[in-house]
Amino acid sequence: MAKTINKNQINSLLKEVEKEYKAFAPIKGPEGDVLFKLLCDGEVALGSEDVVISPKDIFFPQWETMFKFKDGQIEETCESAPVFLFGIRPCDLKGLLFADEFFKRDIEDKYYLSKIEGRFIVTIGCIKPPRKDACFCTSTDSGPFAKDGYDLQLVDVGESYLIEVGSKKGEEFIAKHAKFFTDSDADTAKTKEDAAKAVELKVDFKKALDLMADDKFTPQEIYERIGERCLYCGGCLYTCPTCTCFNVFDNATDGKGERVRNWDGCILSGYTREASGHNPRTEKWIRAARRYEHKLKHDCKVTEKSGCTGCGRCLSSCPVNIGMSKFIQEITEKRRTM
Amino acid sequence: MKNEYLPYPATIEEIRPETFDTKTYKVKFKDQKIADSFDYKQGQFAEISVLGVGEAPISITSSPSRKGFLEFTIRATGKVTDEIHKLKVGDVLHIRGPYGNAFPFDALKGKNLYFIAGGIGLAPLRSLINLVMDNRSDFKHIKILYGAKTPEDMCFTQELEEWKKIDDTEVWLTVDKPCDGWGCSVGVVTELWKETNIHPDNAVGILCGPPIMIKFVTMELSKSGFKDNDIVMTLERYMKCGIGKCGHCNVGEKFICVDGPVFTSEQVKKFPEKEHVL
Ligand SMILES: Cc1cc2nc3c(=O)[nH]c(=O)nc-3n(C[C@H](O)[C@H](O)[C@H](O)COP(=O)(O)OP(=O)(O)OC[C@H]3O[C@@H](n4cnc5c(N)ncnc54)[C@H](O)[C@@H]3O)c2cc1C
Ligand code: SF4
Ligand code: FES
């Protein structure tokens, strides 16, 4: 029989979890914004708050020391503690699983992979879309509830959360913490149906992928408009759950210091500049094209999955109203949206 | 799990000046186990660090047939490469790799080979050339066509003389601007088409140099009847990680650092035009 947990039990459960895991959840800061942080950083927020940055930064931090060095000696600094991710959204789950696969492909990335080892994921379905006019997860088939890939999933049924179990690990967790859970025969079908209806923004994602799959399809005029309008702030890349590009540099004085990697992005002009000064992507539209083609074309060729999760953060974080859903509307509906 | 980003110390055993801004470094890993496991192929590259300054991708110019050391030919063009040029014999570099795919080798056996290089582009080709020379009887006729801006910009001048002396091997040199006493051709490397016969029969052209040179040489080879599959070249892109993760060298769905840097003309033609790979 399915289990539920009363909402007022969540904090006590998480106290238990903290003994074993480095536990992260959406945490409301003093200014009211919500970010994925350690439990000790504040109050857990499981409503329809917009978590501005995807949880990718827990495993792929914006700034990460790769190793330290002093007098020619290298000291590896690679973290690994099992992470408990509580209350991530289905779109972000899809993003994480996508990034996992990428960092495993060909040559493995130890910094990322050591941080996901033993990871436990609890997703929470979205009753209301957190980025109201930007979420389009029903079009990308990634929400508002996850179908698989989680250990546990919470379904908000009023006073309590119904628990969906997605893995053996999840099952064991329920057994281990049995005192927090009670049996329930609540039916979630209606809740899920209403939640899907609440996602108002819909795009023809399949049509977009079909169009983009054709190498001859280059909507240059749209790319040019995006290239002209974009401020090159990088917001869309940094908040995107599947953007994983990084720069590497040394931060040192007198031979003592660290090698660091930090987030970088294909839309930025220095990204492809070579030592000779030659830059194959000087034109703005080519850089704009790179971003859309990467998510909607190249990713599908390599993994058969698109790199867009429908989270809508590119649009909600953009100061000039550019976003993946707008691009898709332009190419599929042949109308101007930007 | 191996941490692919950690470089290993290697001592500089010899430094040979090539041109006013280019030097060849012969290095040896300090740890013999690392040296033994560094099993590279012709045309691969390594990431070379000067700790505290940064890292740069550099082709391995030594031949895998000559064991016990690695050689890199490095032009001073910026932060890391300038710093490498300040180092002396006995100093230490940090190296990781080898990365990227390789020039074909077995597939070249029994063929006539045309090696065509511009400037420092001879460095990656040299790895394959010496591997071929160490197995000379497996190959037919060899022509090495090499161009540089001026005679002073030519790398590996001594070795070019030695290759010339090998049976069935020709070396053709050209410079954009000659100096007094220059006895070879003048003009870009495609000018050599007027001096020597370039035949597509049972032949492969292997190219390395600046993008503009590769572009024109590819066109000339095609005009001479070479099939796209028989034109092999290396591409260069700005690289950071060298292992298909940082994204910087992406072109279409490929990473030049993993899927390349060696490509055939046939593969290059499939890259989207707007990527300006050449
Ligand atoms: C596969 C491969 C093989 C190579 N093999 C060789 C070889 O055998 N020999 C050789 O000499 N070279 C080789 N190169 C080229 C070599 O990697 C570069 O010359 C080297 O990376 C230069 O590094 P640097 O630190 O010295 O230059 P830097 O000082 O780092 O300058 C170069 C880089 O910094 C960035 N940069 C510079 N100015 C700016 C600015 N104003 N704003 C933002 N960014 C800037 C550029 O993006 C540029 O890529 C190879 C390159 C590749 C990809
Ligand atoms: S958020 Fe908007 S303005 Fe900023 S880089 Fe992305 S598209 Fe450009
Ligand atoms: S250099 Fe990082 S992906 Fe190729």
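**Ligand 1 and its shell**

Guide: In this predicted model, β4(B) gives the shell around ligand 1 its largest share, four residues.

Visitor: Which other elements of chain B supply at least two residues of that shell?

Guide: Besides β4 (54-59), β5 (70-75) and α2 (79-85) of chain B each do so.

Visitor: What makes a residue part of the surroundings of ligand 1?

Guide: One of its heavy atoms has to lie within 4 Å of the ligand. There are 21 residues around ligand 1, and Arg273(A), Pro57(B), Arg75(B), Lys79(B) and Thr81(B) come nearest. Ligand 1 lies between chains A and B.

Visitor: Why is ligand 1 said to lie between two domains of chain B?

Guide: Domain 1 (8-99) and domain 3 (235-278) of chain B both contribute residues to the shell, so ligand 1 lies between them.

Visitor: Why is the pair formed by a nitrogen atom of ligand 1 and Thr73(B) called a polar contact?

Guide: A polar contact needs N or O atoms within 3.5 Å. The nitrogen atom is 2.8 Å from a polar backbone atom of Thr73(B), so the pair qualifies. An oxygen atom of the ligand is 2.7 Å from a polar backbone atom of Arg75(B), and an oxygen atom is 2.8 Å from one of Val80(B).

Visitor: How much of the accessible area of ligand 1 does the protein cover?

Guide: The protein covers 74% of the 980 Å² that ligand 1 has on its own.

Visitor: How do the residues of the shell divide by character?

Guide: Ten are nonpolar, five polar and six charged. Arg75(B), one of those that come nearest, counts as charged because Arg belongs to that class.

Definitions and conventions
Residues numbered from 1 in each chain as written. Chains lettered and ligands numbered in written order. Predicted model: local features only at pLDDT ≥ 70, side-chain atom pairs only at ≥ 80, totals over all residues. Heavy atoms only, no water. Polar contact = N/O pair within 3.5 Å; in protein donor to acceptor, adjacent residues only side chain to side chain. Areas by Shrake-Rupley, 256 points an atom, 1.4 Å probe, with all protein chains shown as cover. Domains from an automatic or database assignment.
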